[in-house]
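Here is a short briefing on a protein structure. Look it over first, then work through the points.

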Protein chains: 4
Amino acid sequence: MATDRPMQLGMIGLGRMGANLVRRLMRDGHRCVVYDVNAGPVHELAAEGAGGATSLRDLVAKLAPPRAVWLMLPAGVVQSTLDNLVDELDRDDVVIDGGNSFYRDDITRARQLGQRGLHYVDCGTSGGVWGLERGYCLMIGGEDEPVRRLDPIFASIAPGAGSAPPTPGRTRDGTAPHGYLHCGPSGAGHFVKMVHNGVEYGMMGAIAEGLSIIKNANAGEKEHTVDAETAPLRDPEAYRYDIDVAEVAEVWRRGSVVGSWLVDLCADALARSPELSGFAGRVSDSGEGRWTVHAAIDESVPAPVITAALNERFESRGLGNFSDELLSAMRSEFGGHAEKKG
Amino acid sequence: MATDRPMQLGMIGLGRMGANLVRRLMRDGHRCVVYDVNAGPVHELAAEGAGGATSLRDLVAKLAPPRAVWLMLPAGVVQSTLDNLVDELDRDDVVIDGGNSFYRDDITRARQLGQRGLHYVDCGTSGGVWGLERGYCLMIGGEDEPVRRLDPIFASIAPGAGSAPPTPGRTRDGTAPHGYLHCGPSGAGHFVKMVHNGVEYGMMGAIAEGLSIIKNANAGEKEHTVDAETAPLRDPEAYRYDIDVAEVAEVWRRGSVVGSWLVDLCADALARSPELSGFAGRVSDSGEGRWTVHAAIDESVPAPVITAALNERFESRGLGNFSDELLSAMRSEFGGHAEKKG
Amino acid sequence: MATDRPMQLGMIGLGRMGANLVRRLMRDGHRCVVYDVNAGPVHELAAEGAGGATSLRDLVAKLAPPRAVWLMLPAGVVQSTLDNLVDELDRDDVVIDGGNSFYRDDITRARQLGQRGLHYVDCGTSGGVWGLERGYCLMIGGEDEPVRRLDPIFASIAPGAGSAPPTPGRTRDGTAPHGYLHCGPSGAGHFVKMVHNGVEYGMMGAIAEGLSIIKNANAGEKEHTVDAETAPLRDPEAYRYDIDVAEVAEVWRRGSVVGSWLVDLCADALARSPELSGFAGRVSDSGEGRWTVHAAIDESVPAPVITAALNERFESRGLGNFSDELLSAMRSEFGGHAEKKG
Amino acid sequence: MATDRPMQLGMIGLGRMGANLVRRLMRDGHRCVVYDVNAGPVHELAAEGAGGATSLRDLVAKLAPPRAVWLMLPAGVVQSTLDNLVDELDRDDVVIDGGNSFYRDDITRARQLGQRGLHYVDCGTSGGVWGLERGYCLMIGGEDEPVRRLDPIFASIAPGAGSAPPTPGRTRDGTAPHGYLHCGPSGAGHFVKMVHNGVEYGMMGAIAEGLSIIKNANAGEKEHTVDAETAPLRDPEAYRYDIDVAEVAEVWRRGSVVGSWLVDLCADALARSPELSGFAGRVSDSGEGRWTVHAAIDESVPAPVITAALNERFESRGLGNFSDELLSAMRSEFGGHAEKKG
């Protein structure tokens, strides 16, 4: 099912996502020129049919104008790469930022590139390590013309309409059922992707908490200290279940209201290791959840679930420790309560 | 693909879920006898091939022992129905409660039925109005023997292995990949279903908040009053997007990390009515979310996301009003702040 | 300012609070008979003028009927003590439970004692280790007559009207301005005390979080790793303050809206040890916060602040760990994210 | 107790707080020159002994250099006033911003004024309408020299050491026990005041929720609909209390752990109107709570309590409505649940 609209694309940044984007595009008949600061992945993709480039300048030279260059880079190096790249580009070329940039930077960058006659498209890309096989969900921001021009690229990267049954109540056309969407002007793509990740935090938190409550359904079996510092469990007989959470995650994959890719992934992780060995429970956050909460506050939209999920991640890394010590100190002050050992 | 293990089942309660369970069972070759306090649905299902019963006694009489009788009733009438039913049943018959009973009631009921030589199986049933077509996810509690005996029934009701791709890391056997799971002794099924609904609350909250943040991405376009009672939006230029949330929900259905049945349903609801006309935003809760939080607290498991989602539902129904008035009253007391009009 | 209505009281349980209640009562001219399972505090208080008892029976024998016996015991031993005590008592005697019993137990106990012609009064007692000096805030439940009968006792234990300026808008009489209140029938006292402690959790959480935010106002000074797992601080120059939180707590004690006894205690704890050495941040909870959230849920009253404070305590003790591991596992599954070391 | 270090101060902005600051300063022997865009309060204060000014220029002219000018203005007009004012000032004059400016603006303004040889001091001022009588808690940021120079002013505005008993564990000197504190360089004062207000939100939320739970302790008395949309109250007999929340607030004022100025204010508000008539429960937020949460997120400090309190205010104003409608829409989609009427 190769595309009937083959295009040329330059890809800068060949980490897991960048490399797989290139593979997915080449599979569909597009021609890619690739560059990375590490030569390894360049050679690897060249062996698979891509054009390898040895520098930004080389990459640009190997593309016919008007060019399309996709950046798939850590947020921290986008600006410096962009600064170097724009000097090599010509009027009407397009740069796509497919990483997780903050949407406000998109607004600035689009303005700066616009002043040179260049176009800037921000493209939130979801799909993780599975995207090569499943396709990537694309949330796109920028001017109409360059976004339209890149349509064959987006169509090949996205999962396509066949990847999910049609929405019954839907009567409109558009690209959304194919898995990509032009959300609005510059920054709109990364804005939607940012909130997407905020939603992801909340969904992940809900699933993790639920499975944890199920895992602890045997709380009534445990010895409980009886002292003034410990809340006794009033109904231990109601918590005498040893439930296999790996099987619960698996059964929720079919027919249930919580069915979701994240539950699929939980089932997989728990199938591999029911005790989740190898994880200490220090949950990173890479910015989008924070920015989502910030946006919610700026808009005065209550977002208690997403915010709770963000705070849960901070707690998981021990960042509430001073606060907790202060709570213990207050308890000691007013009640003479000594802290219990762990 | 009719079952090669046809069984007989009595169904009491022919609301949307009970009737569709019967249809799904009959499709698969099982024989059903049905009863409801309303004659209408009894006749309807009789016309589709079920045996109609005019009373609990009649239903029992039409089933060969050892019998299996499934209750699909509102939580409030389960006990009284059960009280009447048990007098008609014989030793070794099984009663399945497929509704949303509180799991602690299961423990009591199983003990009571056990004293009469009857079996009681609790079966949390997820799938809503779509279950006829998609199958229902079943979370089952009770003794091993009767649960095993009912396996052909559960297998026909559940979605089956083909309804989702296999979990890559999974090496075990079991029924979970078919969409039903014997979770443990009496109450374990409803316990898992209860937490399932708690997870559902959290996931729903995350999705709803996220789409709401996206819908309000035009906050910078609105007129803002400048007074001491109103927090000014410092960066209005960063909130000038008019994003089509219906299209966002649609695009998230394919390839994204938040892909889920709930996002599918959002896309459908927004496709039918982008402004969600017909909904005032008073969100009911039917008990399982409350019980989930209660269980989390009893177990000392932090569940901030699920709890936030529950509180959000209470707020949606205006139940925080006295608390809010008190906040306004305090502000008036210390700062002379008058309340702003809506 | 000795009472002009001296009474006799038996005190069972001479921990910090029980012993100080006795001292405060004796100071005001009441006569106390005291008992504890440990002889030490009995002798100590006898040396200060109390009548010492060697057993429950001895204590009862040393009081003239109708007797008043106050229990100041850990929740876990109230029932067994009560079971032994009631056999010694006579019709019309009153038992007061001044500890932190669950209010529903009060309802049961009052009914049981009532069947023997005895009275039961529940009395939530706040004041901690400072109560001897400051007086205790009393929240009382039970029948009118015995509560009225005990008025001289309550009046002596409570702080008295002079301990705070009068409420300007108040025109009613009553005991509340003296620091004790008959809240309603059996259980009402402990219900109000339970919620009081829930409020305490929320206030403590707010203060601890705030001082922690201030302590971390130097976040921009710290080295920040730049990688895909870490949210970069966009505005490090806005977080370059080294603020002395001990001084902040002290300044908030005077004239500010957050002025409170809890801020006083923070100031004291931080004055003694600015780094809160001796505390690891494992914050206990002794039941009332849990019960408060349970009551809020039963009543459908949103209580997000109090619930957040409760969950914060669970997190502080590492009880969210399985949930956190699951979050890391999901991140690994979809994004290949490895967990960062602590 | 007039100051022995009388100074001259210009006050711009004679709203409730500005006017009372002037009165408190004059009472203590300082000389004030006052200006407001409205002539009324200027005449009023002139009648009380202040020097009245008819313009910024006039105000500056009436002060002897090096001058001290205090701005007590809504955040929205500080910048424009400052822009006009600085042209009138001379090298080494000090401007104090006593309002609720965002601390990052202070950093900018201090730099701008510094370039002209002027000093800028930010001073978070807490005390509300009660400050004239109680004194104001002052949180100060800026360079050492001008802050030291203004010490007599701060000392007169603050409540003074006598307004609260000394902190027992305290051994240090400093101004904090007098109710004012130099917190750090420019912005540090407003930073601490910002977090102070965040703490205030959390404490207010805790108190309001608690009193609301107590008010609803009669939930078991109410008629409850029994249907699939409504969670039944399992233990109505445990919620049959009619508790007088006004009296509860009053009793908590003395001896309890939650004793605080905010509880004092609740008691007053409820004494005036037990049903809080005149309040609809639409709770404003004026920015500091939002900024506090933003700072917590930037610093990666979990602040679940303060954040919950902020979200609660958004909910109180109906701002979660689209989100709530979406929740109802999802429930309708998967379960056929119709929304219940209010």
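The points below are grouped by topic.

This is a predicted model. The briefing covers a helix and a histidine in chain A, a sheet in chain D, the contact of chain B with chain A, and some unusual backbone angles.

**Helix α1 of chain A**

- Helix α1 of chain A runs over residues 16-27, which makes twelve residues.
- At 1.5 Å a residue, the helix should span 16 Å. Its end C-alpha atoms are 17 Å apart, which agrees with that expectation.
- Is α1(A) mostly covered or mostly open? It is mostly covered, since nine of its twelve residues count as buried.
- The buried residues are A:G18, A:A19, A:N20, A:L21, A:V22, A:R23, A:R24, A:L25 and A:M26.
- Several elements of chain A help to cover them, including the strands β1 (8-12), β2 (31-35) and β4 (68-71).
- The helices α2 (39-47), α6 (131-134) and α8 (151-157) of chain A are also among the covering elements.
- After α1(A) comes A:G29, which has a positive phi near 100 degrees.

**A buried histidine, A:H30**

- A:H30 sits in the loop between α1 and β2 of chain A.
- Its relative accessible area is 4%. Buried means under 20%, so A:H30 counts as buried.
- Which side chain makes a polar contact with the side chain of A:H30? The side chain of A:S156 does, at 2.7 Å.
- A polar atom of the A:H30 side chain also lies 3.0 Å from the backbone nitrogen of A:M7.
- Leaving out residues up to four places away in sequence, A:H30 touches A:T3, A:R5, A:P6, A:M7, A:L25, A:P152, A:I153 and A:S156.
- One of these, A:L25, is also one of the buried residues of α1(A).

**The sheet of chain D**

- Eight strands of chain D form an open sheet. Their order is β3-β2-β1-β4-β5-β6-β7-β8, and the pairing is mixed.
- The edges are β3 (51-52) and β8 of chain D. Each has a single partner strand, so one side of each has no neighbour in the sheet.
- At one edge, strand β2 (residues 31-35) of chain D pairs with β3(D) in the parallel sense, over two bridges. D:V33 has D:G51 in β3(D) as its bridge partner.
- At the other edge, strand β7 (residues 137-141) of chain D runs parallel to β8(D) and is joined to it by four bridges. Here D:G141 stands opposite D:G184.
- Is the edge strand β8(D) enclosed or open? Four of its five residues (the strand covers 180-184) are buried, so it is largely enclosed by the rest of the structure.

**Where chain B meets chain A**

- Chain B gives 98 residues to the contact, and chain A gives 98 residues.
- The area buried between the two chains is about 7,800 Å². Carbon and sulfur atoms give 65% of it.
- How many salt bridges does the rule find across the interface of chain B and chain A? It finds eight.
- One salt bridge links A:R170 with B:E247, whose closest N and O atoms are 2.8 Å apart.
- Between chain B and chain A, 46 residue pairs are in polar contact.
- On the side of chain B that touches chain A, the elements giving two or more residues include α5 (103-114), β7 (137-141), β8 (180-184) and α9 (188-215). Among the others are α10 (245-251), α11 (261-272), α12 (288-299) and α13 (304-316).
- α9(B) gives the most to that side, with 17 residues.

**Unusual backbone angles**

- Most residues other than glycine have a negative phi, and most peptide bonds are trans.
- C:D92 is not a glycine, but its phi is positive, near 80 degrees. It lies in the loop between α4 (75-86) and β5 (94-97) of chain C.
- At 31% relative accessibility, C:D92 is partly exposed.
- D:D92 also has a positive phi, of about 80 degrees. Its place is in the loop between α4 (75-86) and β5 (94-97) of chain D.
- At 32% relative accessibility, D:D92 is partly exposed.
- The peptide bond from B:P65 to B:P66 is cis, with omega near -10 degrees. B:P66 is in the loop between α3 (56-61) and β4 (68-71) of chain B.
- In chain D, a cis peptide bond joins D:P65 and D:P66, with omega about -10 degrees. D:P66 lies in the loop between α3 (56-61) and β4 (68-71) of chain D.

Technical notes:
Residues numbered from 1 in each chain as written. Chains lettered and ligands numbered in written order. Predicted model: local features only at pLDDT ≥ 70, side-chain atom pairs only at ≥ 80, totals over all residues. Heavy atoms only, no water. Buried < 20%, exposed > 50% of the residue type's maximum accessible area, 1.4 Å probe, protein only. Expected span 1.5 Å × (residues − 1). Contact = heavy atoms within 4.5 Å. Pairing = 2+ DSSP bridges. Buried area = accessible area lost by both parts, 1.4 Å probe. Salt bridge = Lys/Arg side-chain N within 4 Å of Asp/Glu carboxyl O. Polar contact = N/O pair within 3.5 Å; in protein donor to acceptor, adjacent residues only side chain to side chain.
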